[in-house]
Amino acid sequence: MQKWNTTAVNHRANEILARMTLPEKVAQMVQVPFAYVSREEALDWAKRGAGSFLHVLGEDAREIQRLALGTRLGIPVLFGIDAIHGHGLNQSAAIFPSQLAAACSWNPAVLEEMGRVTAREVAADGLHWTFSPVLCLGRDARWGRINETFGEDPYLAGELGAAIIHGYQGEDLADGEHILACAKHYIGYGDAIGGRDSCDTEMTFRKLKETFLPPFRRAVEAGAATVMTAYGSIDGTPFTASERAMREILRGELGFTGFVVTDWDNVASLVQKQFVAKDIDEAALLAARAGNDMMMTTTAFYESAIRLVESGALDESVLDEAVGNILRVKIAMGLFKRPQDRGTPDCLGCAEHRLSALFAARESVTLLKNDGVLPLNETIRKIAVVGANADDIRAQYGDWTYFTHPHPSPKSTPARPYVTLLEGVRMLAQPHGIAVSFARGCGPLPDEVDDLEAAVAAAKEADVIVLAVGDVVEQAGEYRDRADLSLSGAQEALFERLLQLGKPIVTVLISTKPLCVTRVAEGSAALIAAFNGGMYGGQAVAEAIFGAVNPSGKLPISFPRHSGQIPVYYNSLPGWHGGRYVDLPETPLFTFGEGLSYTSFAYSALHVERETLRVSVTLTNTGARAGSETAQVYVRDLVSSILTPLKRLIAFQKIHLEAGESKQLVFQLQRDDFSLIRADEVRVVEPGEFMLFVGGSSKDVDLLTQVIALE
Ligand code: BGC
């Protein structure tokens with residue numbers, strides 16, 4: 001049972017609820033956007049007993065809390081913030097790799113630690129709640145928010161999501177060091193048609209249950225205290241208005257007992273953007289009935305809900321239920337006992353936290369190609385680092401830091417410490433007396449001043465070129481989807497010029513998403529996907545280039561060869577003609593689960609016990625140095641009543657092996673791993689044969705197989 005669902009907590013919540021007036025109840029359901037209202041309005045909302053504020057830090061938060069505590073019932077305010085890869089809106093915080101970058105680690109311990117550290121920093125800042133993790137699937141790389149996802153696979157997203165939720169919430173939410181997590185965006189936001197942010201989805205409830213619900217199921221099992229409603233819609237019904245999605249599935253089927261917050265102004269959007277309500281009263285009615293407990297930024301909900309109850313259109317018991325959900329979480333997290341001064345003061349960006357950010361970055365470096373140039377050997381005396389992203393901390397951070405939120409402030413001064421790729425290369429080159437030159441060449445945006453000649457001149461002198469390509473925050477995030485994922489600006493041209501020099505090029509992708517780097521991948525001697533590596537992303541990549549770190553990342557998302565190939569993900573449903581365009585191979589450029597190492601691994605002796613569903617395999621490090629490998633288990637239902645993917649991830653393990661070392665890995669599968677959602681929306685295991693695959697990526701060549709029959 002969740003801690004906010006105990007008899008004691010229920011009793012206390014009911015006591016408070018019984019004393020509340022209608023306006024006091026409705027105020028609890030309002031979340032005020034501090035950065036978007038005047039100070040006076042904000043303070044006024046605190047005096048009215050608003051349940052929550054978002055995006056407010058430090059002294060402002062303290063003042064609001066003092067006012068709330070001074071109200072008739074003194075119900076403390078819950079402060080929420082988007083601390084999604086570290087408490088990044090605060091300049092002093094430890095900034096971790098983006099969710100997509102961290103997902104490359106395939107290491108739940110990394111995500112749990114990222115959550116733990118973020119929670120400590122958020123708590124120390126006087127806040128209680130982060131709007132994280134994103135459990136939408138990243139299946140269309142055109143979408144601007146791909147960087148916020150754990151990639152394309154429901155199982156991986158669920159496991160990593162559960163891990164970060166444990167990190168945020170800990171064992172005891174009331175210890176002051178932990179904060180509330182928020183599983184978002186419920187549901188299907190990542191599946192918006194064409195990757196267009198917040199558009200409609202082509203989803204059915206069956207598909208929702210089969211593909212998009214599992215990560216939320218894991219989040220609820222992991223105890224996520226809150227869930228955020230998505231912007232989109234399902235079969236013509238906005239999720240904000242979907243009683244079926246929220247009451248029947250989230251609460252009924254998943255057993256969620258925390259509270260639901262809408263996304264930004266979802267209630268007003270029912271009127272202004274989705275046109276399913278004629279006015280705000282009708283929108284408020286739909287939202288409350290559907291099961292949204294707290295309304296983010298739609299402060300007009302306050303007057304509307306009062307009118308609705310007074311006119312008899314809305315039963316007050318609907319509000320009682322919502323307020324009860326909010327109060328129970330506030331009580332369980334000890335907010336009444338300790339509304340402020342939680343956490344450890346001065347822990348923001350402390351050495352211990354920064355070390356965790358560095359470790360996360362190291363675990364996430366993903367080597368996609370290597371003709372042997374890496375790690376660099378002693379013959380290298382001169383390195384040319386080229387490309388604007390090699391020395392641009394904004395690009396390395398990506399979205400959701402103080403450069404992007406709550407208001408875009410690209411010109412604000414970056415706060416040290418951090419290490420860009422250029423700085424990392426210099427740091428590692430220096431002890432060996434290796435010379436490092438730098439030329440921007442060009443950046444991803446066309447309006448920048450390019451100097452390809454200077455880059456070519458620097459590269460001409462070098463033994464190896466380290467080229468950073470990618471995108472910048474102006475090309476990603478909410479409202480910023482891209483139609484064309486080829487390298488923007490003069491980046492391709494720069495690459496061609498460098499290629500003509502005939503020197504080995506080590507290309508590093510510092511980007512928010514998989515870009516179409518087909519030509520660059522072909523021509524580069526080595527290719528590393530770093531995505532947005534956080535404060536030490538540059539250092540971690542440099543360490544990999546020099547061999548101080550043996551890369552162990554695996555892709556959580558496939559790379560399209562061309563924008564026209566999107567969507568391309570490994571677990572799509574089978575089609576007749578192979579899903580191939582006449583002008584492209586059917587495979588992605590790089591596929592889910594791929595990632596190289598400086599050592600090699602071999603899988604052997606796959607054994608599956610049909611009775612116990614115990615899978616074992618021997619993994620051997622067959623190379624000359626220690627390294628980590630992620631063993632992946634996939635399943636295919638050979639004949640099923642509905643289409644099922646040709647491969648679906650059901651387990652994985654990341655293991656460290658010394659050179660020459662062997663280990664037997666054991667995966668204990670569950671019967672449910674073999675289940676599907678039938679046409680009538682019931683989850684079942686259909687008897688018959690299943691193929692199990694075990695190996696180092698989702699590619700056939702990397703997998704051992706065995707067929708088992710299940711009753
Ligand atoms: C985003 C959410 C975010 C919220 C608060 C919305 O626009 O979709 O993911 O948590 O803003 O900043």
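These legends describe close-up views of a predicted model.

Local features here need pLDDT of at least 70, side-chain atom pairs count only at pLDDT 80 or more, and totals for chains, interfaces and linings use all residues. Residues are numbered from 1 along each chain as its sequence is written, and side-chain values use heavy atoms, leaving out hydrogens and water.

**View 1. Helices H8 and H10 cross at roughly 40°.**
H8 covers residues 205–212, and H10 covers residues 243–253. Helices (H or I, at least four residues) and strands (E, at least two) are DSSP runs, numbered from the N terminus. The two axes come within 13 Å. Axes are lines fitted to C-alpha atoms, for helices over the stretch in contact; angles run from 0 to 180 degrees between N-to-C directions. The crossing angle makes H8 oblique to H10. Angles under 35 degrees count as roughly parallel, over 145 as roughly antiparallel, 65 to 115 as roughly perpendicular and the rest as oblique. From H8, Phe 205, Leu 208 and Lys 209 make the contact. From H10 come Arg 244, Ala 245, Ile 249 and Glu 253. Contact means heavy atoms within 4.5 Å.

**View 2. Phe 53 and Phe 79 form a tilted aromatic pair.**
The whole structure holds 19 aromatic pairs. Rings of Phe, Tyr and Trp (its six-membered ring) pair if their centres lie within 6.5 Å; planes under 30 degrees apart count as stacked, over 60 as edge-to-face and the rest as tilted. In this pair the centres are 6.3 Å apart, with 50° between the planes. Phe 53 sits in strand E2 (residues 52–54) and Phe 79 in strand E3 (residues 78–81), so the pair ties together parts that are 26 residues apart in sequence. Both Phe 53 and Phe 79 are buried. Buried means under 20% relative accessible area, exposed over 50%, partly exposed in between (1.4 Å probe, protein chains only).

**View 3. Tyr 570 and Tyr 634 meet edge-to-face.**
Their ring centres are 5.6 Å apart and their planes lie at 75°. Tyr 570 is in the loop between helix H21 (537–546) and strand E17 (601–609), while Tyr 634 is in strand E19 (residues 627–637). The pair therefore ties together parts that are 64 residues apart in sequence. Tyr 570 counts as buried at 13% relative accessibility. Tyr 634 is buried too, at 0%. Ring pairs link both tyrosines with Trp 106, Tyr 155, Phe 592 and Phe 652 into a cluster.

**View 4. Pro 687 is an exposed loop residue.**
Its loop runs between strand E23 (683–684) and strand E24 (688–695). The relative accessibility of Pro 687 is 58%. Leu 710 and Glu 711 touch Pro 687, not counting residues up to four places away in sequence. Val 639 is 48 residues from Pro 687 in sequence, yet 9.2 Å away in space, C-alpha to C-alpha.

**View 5. Two cis peptide bonds lead into prolines.**
The bond from Leu 374 to Pro 375 has omega near -10°. Pro 375 is in the loop between strand E11 (366–370) and strand E12 (382–386). The bond from Arg 416 to Pro 417 has omega near 0°. Pro 417 is in the loop between helix H16 (393–397) and helix H17 (421–429).

**View 6. Phe 531 has a positive phi although it is not a glycine.**
The angle is about 50°. Phe 531 lies in the loop between strand E16 (526–529) and H21. At 1% relative accessibility, Phe 531 is buried.
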